[in-house]
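Let's take a walk through this model together, one piece at a time. Keep the viewer open and turn things around as we go.

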Amino acid sequence: MPELPEVETIRRQLAPLVEGRVLARLDIADPRWCLPLAPEAIVDAVQGRHVERLGRRGKYLVWELADEAFLIMHLRMTGTLLYDPPEGTPYERVRFGLDDGHELRFCDPRRFGTGELAIGDAARDAFFAARLGLEPLDGELTAAALRAMARGRRAPVKAFLLDQRRIAGVGNIYADEALFRARIHPLRAAGSLRPAQWDALALAVRETLLAGLAAGGATIDDFRHADGVAGAFQDEFLVHRRRGEPCPQCGGAVVKFVAAGRGTYACERCQPRPRVRRRAR
């Protein structure tokens, strides 16, 4: 699934091309994209409006249109938003026509991507308040903030990082990479981390996201830039998808296991596995 760096990469590429234009036409070929709203309701609300800004919140891409209309997109697992792709590009679900004659097309083979509508700043803010926590690259992600949210929690720290209601935009790839940089095992209980570990983790999350953004995101399967080019961060992975390969720090083998219901990668020399406490009889 595209995570914060992938969505932000697309936003930065498309913003100069769509901001200041008019969304002259919106064709929704797949009604599932905007359920429970009907395609006609979305089209009537946004078509013909001036694009004031293309924003992002967490993993969501936000079309900020005139008169406080917001079209909120999520690419999900396999969605791509392409600028002027060739005719016949497969899996097209939505087509955005701009007043300068250019087009964007949302293509999504698994049809998990969504489009939602919010009218008014209050509706937009309520939508995100119910779904997303702090933005990790906006100065909100601090050791103190993370420690306060995790106090008393026994869930694995990886599950904590993946919870979008706490930290917006971090997914499986960047959680693995950040935990390795911070030398914290993914199965460690979030509430058991020491203050120095929260300091390391807050820094590692920011550094990992920025590295992913600098590389144009990671392409493992479907993610593409708006021009169809693949990202490059997968070439810089330290542990993710590197099972059996040598750890870049100690040379030990990277292992794979399940944490927070996701395939997870770590070096258990650099990230010692937490001990299982046995109950006294």
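Start with arginine 93, which sits in strand S6, residues 92-98. Keep in mind as you look that this is a predicted model. Is arginine 93 buried or exposed? Its relative accessibility is 2%, and because anything under 20% counts as buried, arginine 93 goes down as buried. Who keeps this arginine company? Setting aside neighbours within four places in sequence, arginine 93 is in contact with a run of residues that includes Asp27, Ile28, Ala29, Asp30, Arg32 and Trp33. Its contacts also include Phe106, Cys107, Asp108, Arg111, Phe112 and Gly113.

Now zoom out to the sheet around S6. Four strands make up this open sheet, in the order S1-S6-S7-S5, and the pairing is antiparallel. At the edges you'll find S1 (23-28) and S5 (80-83), each of which pairs on one side only. Ignoring direction, neighbouring strands here are turned by 15° against each other on average. For a closer look at one pairing, go to S5 and S7 (residues 103-107): they run antiparallel and are joined by four bridges. Leucine 82 has arginine 105 in S7 as its bridge partner. Helix H1 lies across S5, S6 and S7, and runs at about 40° to S5.

H1 is also a handy route to the other sheet. This helix covers residues 4-18 and lies across S2 and S3 too, running at about 175° to S2. Those two strands belong to an open, four-stranded sheet with the order S2-S3-S4-S8, again with antiparallel pairing. Why do S2 and S8 each have a side without a neighbour in the sheet? S2 (51-57) and S8 stand at the edges with a single partner strand each, so one side of each is left free of a neighbour in the sheet. The twist from one strand to the next averages 20°. Another helix, H2 (residues 39-46), lies across S3, S4 and S8, at about 50° to S8.

Spend a moment on S4, residues 69-74. Six of its six residues are buried, so the strand is mostly covered. In a regular strand, side chains alternate between the two faces of the sheet. Here, Ala69, Leu71 and Met73 point one way, while Phe70, Ile72 and His74 point the other way, and all of them are buried.

S4 has a partner on either hand. With S3 (residues 60-65) it pairs in the antiparallel sense over six bridges; leucine 61 has methionine 73 as its bridge partner in S4, and glutamate 64 stands opposite phenylalanine 70. The hairpin of S3 and S4 has three residues between the strands, and there aspartate 67 takes a positive phi near 60°. With S8 (residues 114-119), S4 also runs antiparallel, joined by six bridges. There, leucine 71 has leucine 117 as its bridge partner in S8.

Next, follow the chain to leucine 132, in the loop between H3 (121-129) and H4. At 9% relative accessibility, this leucine counts as buried. Its C-alpha atom is 8.5 Å from that of glycine 169, although the two are 37 residues apart along the chain. Beyond its neighbours within four places in sequence, leucine 132 is in contact with Arg57, Gly58, Tyr60, Gln164, Arg165 and Ala168.

That leaves the helices further along. Two packed helices are described by the angle between their axes and the distance between the axes. H4 (residues 143-150) and H7 (residues 195-214) pack at about 120°, with axes 8 Å apart. H4 passes H7 in a right-handed crossing. Ala143, Leu146, Arg147 and Ala150 in H4 meet Pro195, Trp198, Asp199 and Ala202 in H7. Those contact residues divide into six nonpolar, no polar and two charged.

Trp198 also turns up in the largest nonpolar core, which has 32 residues. The members that touch the most other members are Phe160, Leu161, Ile167, Val170, Trp198, Leu201 and Val205. H4, H5 (157-162), H6 (172-182) and H7 each supply at least two residues, and the largest share, seven residues, comes from H7. Separate from this is a second core of 31 residues, with Ala15, Val18, Ile28 and Val51 among them. You've met Ile28 before: it is one of the contacts of arginine 93, where we began.

Terms used
Residues are numbered from 1 along each chain as its sequence is written. This is a predicted model: local features need pLDDT of at least 70, side-chain atom pairs count only at pLDDT 80 or more; totals for chains, interfaces and linings use all residues. Side-chain values use heavy atoms; hydrogens and water are left out. Axes are lines fitted to C-alpha atoms, for helices over the stretch in contact, and angles run from 0 to 180 degrees between N-to-C directions. A crossing is left-handed if the near helix is turned anticlockwise from the far one by less than a right angle, and right-handed if clockwise. Contact means heavy atoms within 4.5 Å. Ala, Val, Leu, Ile, Met, Phe, Trp, Tyr, Cys and Pro count as nonpolar, Asp, Glu, Lys and Arg as charged, and the others, Gly among them, as polar. Buried means under 20% relative accessible area, exposed over 50%, partly exposed in between (1.4 Å probe, protein chains only). Two strands pair if DSSP finds at least two bridges between them. A nonpolar core is a set of buried Ala, Val, Leu, Ile, Met, Phe, Trp, Tyr and Cys residues joined through side-chain atoms within 4.5 Å.
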